[in-house]
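Reader: I want to learn how to read helix packing and chain contacts in a model. Where do we begin?

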Amino acid sequence: MPSFFKNQKSKNKLQPQADQTNNEQTVSSLKNLLSENLTLIKEKTGNSSDIVIRHFKISVNNSLAAAIVYIEGIVDNQAIQDYLLQSLMKDNQKNDLNDQNALELISEDIVTMGNVSFADNWNDLLSSLMSGDSLLIVDGINRVLSVSTQGGEKRAIAESTTQMVVRGPKGAFTESIGTNLAMVRRIIKTPDLWLESMKIGRVTKTDVTLMYIHGIANDKVVKEIRKRLKNIDIDSILESGYVEQLIEDQTVTPFPTIYNTERPDVVAGNLLEGRIAIFVDGTPFVLIAPALFIQFFQSAEDYYARFDIATSIRLLRVFMFMISLIAPAMYVAVTTFHQEMVPTTLIVALAAQRESVPFPAFVEAFFMEVTFEILREAGIRLPKAIGSAVSIVGALVIGQAAVQAGIVSPAMVIIVSITAIASFATPSFDMAISARLIRFLFILGAATFGFYGIILILLMGVGHLCSLRSFGVPYMTPLAPFIPVSNEDTLLRLPWWTMRRRPKLISDNKVRQSKHQKPEPPSSRGMINQEMEEDDQNET
Amino acid sequence: MEKAKISATQLFILMVLFELGSALLVPLAMGAKQDAWLAILIGMLCSFFFFLIYHKLYSYYPDLLPTEYMQKILGKVLGTLLAFIYIVYFLYDASRVLRDFGEMLLTFAYPDTPLFIANALLMLVIIYITRKGIEAIARSGELLFIFMYFLAIAGFILIISSGLIDFKNLQPVLKEGILPVAKVALTETLYFPFTEAIVFTMLLPYLSNPKKANVTMLCATGLSGINLIITMIINISVLGVDLTTRSQFPLLSTVQTIQVADFLERLDVFFMFAMVIGIYFKVSILFYASIISTATLFKIKSPSRLAYPLGIIVLFLSITIASNFQEHLYEGLHVARLLLHMPLFAVVPILLLLIAFFKNRKRQQRQ
Amino acid sequence: MIKMKRKSLFLLVMTIMMVLLTSCWSKKELTDLSFVSAMGIDKTKDGRYELTFQIINPGNVAGLQGGGGTQSPPVTIYSASGDNLVEASRRASARISRRLYYAHTNLVVIGEKLAREEGINILIDSIDRDPEFRITTSLVIANQSSAADLVKALTPVDKIPANKIMKTLEFTQRKWGENLKVSFQEVMRSLESPGGEALVSGFRLVGNPQQAEKLDNLQQSAPEATLRASGIAVFKNGKLIDWLYNSPARGSVWILDKIQGTDINVDWKGKKEALAYQTVRQKTDVSIKVIKGKPYASVHTRVEGDLGEVEVPVDTRQPAVIKKMEKAAGKEIKKELQTAIKQAQTDKVDIFGFGEALERTRPNQWEKLKSEWDDVYFPKLDVDVTVEAYIRRTGLRNKSFLSSVKEKQH
């Protein structure tokens, strides 16, 4: 990746000059003649086979030649047929079009499509052509009309595959940015939901949209994000990950400072807390900034379930995260340095197991962890049918065989399995990946210095976490700096009627709900119909 | 000074962690035998007086570091000299605490490891976090404070459920009268650990809400004092006076006697965990104070560049200040007290306050 | 640019250090340790100390797929001698393939001869100072045998003999009360007291020591050589002077407030030992006061328990009967406590802590009496024993079986 940037910087110096000369040449050279324009288009696109050029004649007596250019596959063919061609070819009797007013009249009177705009230079023309617009070129005019006819095959809205919930909306984002924006609009129906679009990526010209709720989101952060997005000068944005890595606060950290999700309800929830969402066309993963450490342990379901179960599960998740970080390290530390900690019977059992194993505990732990990572990575790419079988078979059989062959001890296998299971409990994939890496660091620390090594690395980790900021907000808010008011939604999740304020430091607009939200039903007796018959024995 | 702000809560937490840091480790006030807890109590109450002095100095110059206002009060030459002495003292104290910690680690957990390595590792982590600035230190403090208290409470509960506490060991109270206790209090516990917190006057300018400075400092001293008293009471009641006096690390010996339910035994590693956290913060703060004052004294623009050189100085100092642990303890109890603690913590601030008082009076009269 | 270079240089230095560190110093692999579960200390004829180590054989204890439990014993014994404990422990390295690891040593056995002749004060320091050795270790005196014999014995039921000794002591203290489980810390504390008095439990090897070491000793249902808890050793000035058995032993444990449950046999209406009173809990307080230079001590105990066995026909449903039984039980207990006190006074050992109680409450008086406490004041001490016994329940039945038999056959 770093070398990638270096190339970019040197390329940068070359490209703008070439662009400029191009521009100067071509601004004026949108030709008047239809055929010339068409030839130039064909030249620029290298005569690509999916470009469709449809000639027809318009105006009274079919005197004016015109053509529609579009790229098959990314346009809505039906719309072109029904609205564009129909209205142009069939319903144009009433107007007298000539090469002066043709485009204006057509755009104002004839074309019945929604989104139309004019393009008078090659950049705009080509970019709208590539986005799925249809270009209407009329002979004799050096401007074109670009009509938005975007369509084509898109993936249907399906269930989320990476962030599943039991209770809650199941739909997930798709690759088309329009669909994604619409999904969020459907949830948040306020006009304060503002969108800003831009195209990033010199070659891919990917649509990137900024979305926030005006009045709740922090204006300074919005400005900062906008600035950073505009500063991106790269040739391609293939996924939101590119954007994330180009605008994040600090790259030299294993911890993510920008959250991503493919669920619209999560995006909506974060927008309502004052955060900003960044949509990137071509990927269902939407970025949310600023992100805090504690967010990566929260899942959408926490908010739909009741507060007691939500709190316990959240605490469980943090606990599992800690286990997945330090379990193998603790095993190594305890069996190599601090054998006194373990009760005598257990240590004797462990010693018996280790009699037959040739490697020291550290090598064993390292080896098992690496094997597990290999299995995990392989498991992602296996075809679905074989996938689950092989991973179970792989884990069990290989583990069992290794134990029997005397390469690892059974206790190690147990520890590694527990670690693996615990690492899946983290809802956010990015955080889980970080944990995977850091775990090796802990094992190394434990192998060299036992418990002291683990503590040192923990201190370094804590120090590092506490020094991170995500778009100006300290990463560990609200645990450190400790803001008691905002702590109702971190490790605990207090009932909804207590969470009256939005998280401080993210949003200034404090009040989320008014007082008196605590449910106070009238006493149960009063709600039951008291009409009883005379011989009704059961008094409720 | 860097552009950072810490809140009153963060200051409070840092002070508590600082004072508990190495005080939990060494036998405190054992000259008073079974009345050690009384000595700590008296020491704590007397230190309040000194904290008020420090706070008054702060209130005269709320935006300046002590090394800066020393120059204002005493003039350039004398002030710089005094500031330099304080800087050297902070470095020395940091190396002392580091040495204490290294010795403890080597005594019970890693006997074969060289002292240099144990100290160097901790120093590396401390350098790392000091370079990130006071905000990182403060925030880590908030997180780790909870850990440490959790360990403390768990330990407390375990000791009680082991049935080890025997309050009879605290008797007879005041066997030889209050005088020996007061002597120990005024000569030992007043300085270590309570007024060692003079280093926090270096951090007061960072406070976002200056009005809370006084309350925070006093509350923090109070809380840590109460913690130390409880710890000493537990130590003496579990181990007995003689064993506590003979132990190099009384709290460690107490923790070693925990035996609950047949499997919760030999939990000294948790003691080590709590100690590492406490000492980490103590050394970090002393180290940070020395860096920031050096930076302002010598007008260095980015203080974090000083971290490595000064860190190596502290590391080497910690190895060379004493050739064995006994000499180190002797130095701390007998030499450092008279030469360093009394003048630097007590005499100099009082002098400074008097001079500042008169200077400000004159200024007010002029106005 | 220069910053980058310097940063990477530092990183390089740190990584090199890391590599060097992998030859880590304090690492102890599990397979390099031999867990000492018990240690015996004896004196040899030429005045040196002989240490006997009971080392656990992990493969034979854990009972894993190895399954070799019956072939070789679960523990192995090694011994070594030296002029002091540290030297002997280090010399043992010549015989053992691993490093002796003391963190799990739960038992130290001291031979009777050593305890009588030299006393145990000298042995304490090395164990106290070592960070690996725990001061929560239990201490036991080998009664009429050498520590080595005791440590070498194999036991049925408990694979590790040290466990058997410890658990036996613990349970018998709880159930019968004639023995006491003391940790090193407690022994240290009592030896530091003015008279250097301490109580330590004793264990005896019943049977042939040679037989006890063999594995086929365990092959019989009733092994020929067994270990049993026997007596409490009394120390004065760190030396063993006497053994307590039966009544004095139990009484002493009682006064020390360490007894938990035991059985008191109460005489009833002429029949000896007719009732079995099972105590459940008790609380004993010792206090002392000085009147006109003469000390007066008092022991007050409050016992609660149930009736375990009633061998006479008596109707226990009457509260008056219960009250009489309580009084009778109280008398028995008082007798026992007084026997214990008399025994201690004869031995001139203040094991009950009267002197310490005086020091705690009236330090000035203590200063005056301190020097002659053991020899003069304590043996003549007037001790007032008061017992409050309560019988709370009588098990599942009320009237005794014999009483209904008596009724039926009348």
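Author: Start with one helix. This is a predicted model. Helix α6(B) bends by about 30° at L143(B).

Reader: How far apart are the end C-alpha atoms of α6(B), and what should its 28 residues span?

Author: Work from the rise of 1.5 Å a residue. For the 28 residues of α6(B), that gives an expected 40 Å. The end C-alpha atoms are 40 Å apart, so the two values agree.

Reader: Which residue follows α6(B), and what is its phi?

Author: G163(B) follows the helix. Its phi is positive, near 70°.

Reader: Now packing. At what angle do the axes of α6(B) and α11(B) cross?

Author: Roughly 155°. Helix α6 covers residues 134–161 of chain B, and α11 covers residues 268–297 of chain B. Their axes come within 10 Å. Angles over 145 degrees count as roughly antiparallel, so that label fits α6(B) against α11(B). The crossing is left-handed.

Reader: Which residues make that contact?

Author: From α6(B), they include I134(B), G141(B), L144(B), F147(B) and G155(B). From α11(B), they include F270(B), A274(B), G278(B), F281(B) and Y288(B). By class, the contact has 13 nonpolar, four polar and no charged residues.

Reader: How does α1(B) pack with α11(B)?

Author: Helix α1 spans residues 8–23 of chain B. Its axis lies 7 Å from that of α11(B), at an angle of about 110°. The two helices are therefore roughly perpendicular to each other. Here too, α1(B) passes α11(B) in a left-handed crossing.

Reader: What residues does each helix bring to this contact?

Author: α1(B) brings L14(B), L17(B), F18(B), L20(B), G21(B) and S22(B). α11(B) brings G278(B), I279(B), F281(B), K282(B) and I285(B). The classes are seven nonpolar, three polar and one charged. G278(B) and F281(B) also belong to the contact of α11(B) with α6(B).

Reader: On to the chains. How is the size of an interface often given?

Author: Often as the accessible area lost when the parts come together. Here, we count residues in contact. 20 residues of chain A are in contact with 26 residues of chain B. On the chain A side, helix α16 (residues 429–467) gives the most, with ten residues. That side divides into 16 nonpolar, three polar and one charged.

Reader: And how many residues of chain C are in contact with chain A?

Author: 20 residues of chain C, with 18 residues of chain A. β1 (33–43) and α2 (58–62) of chain C each give two or more residues to that side. α2(C) gives the most, with four. The chain C side has twelve nonpolar, five polar and three charged residues.

Notes:
Residues numbered from 1 in each chain as written. Chains lettered and ligands numbered in written order. Predicted model: local features only at pLDDT ≥ 70, side-chain atom pairs only at ≥ 80, totals over all residues. Axes fitted to C-alpha atoms, helices over the stretch in contact; angles between N-to-C directions. Parallel < 35°, antiparallel > 145°, perpendicular 65-115°, else oblique. Left-handed = near helix turned anticlockwise from the far one by under 90°. Contact = placed C-beta atoms within 7 Å. Nonpolar A, V, L, I, M, F, W, Y, C, P; charged D, E, K, R; others polar. Expected span 1.5 Å × (residues − 1). Bend = angle between axes of the 7 residues up to and from the residue.
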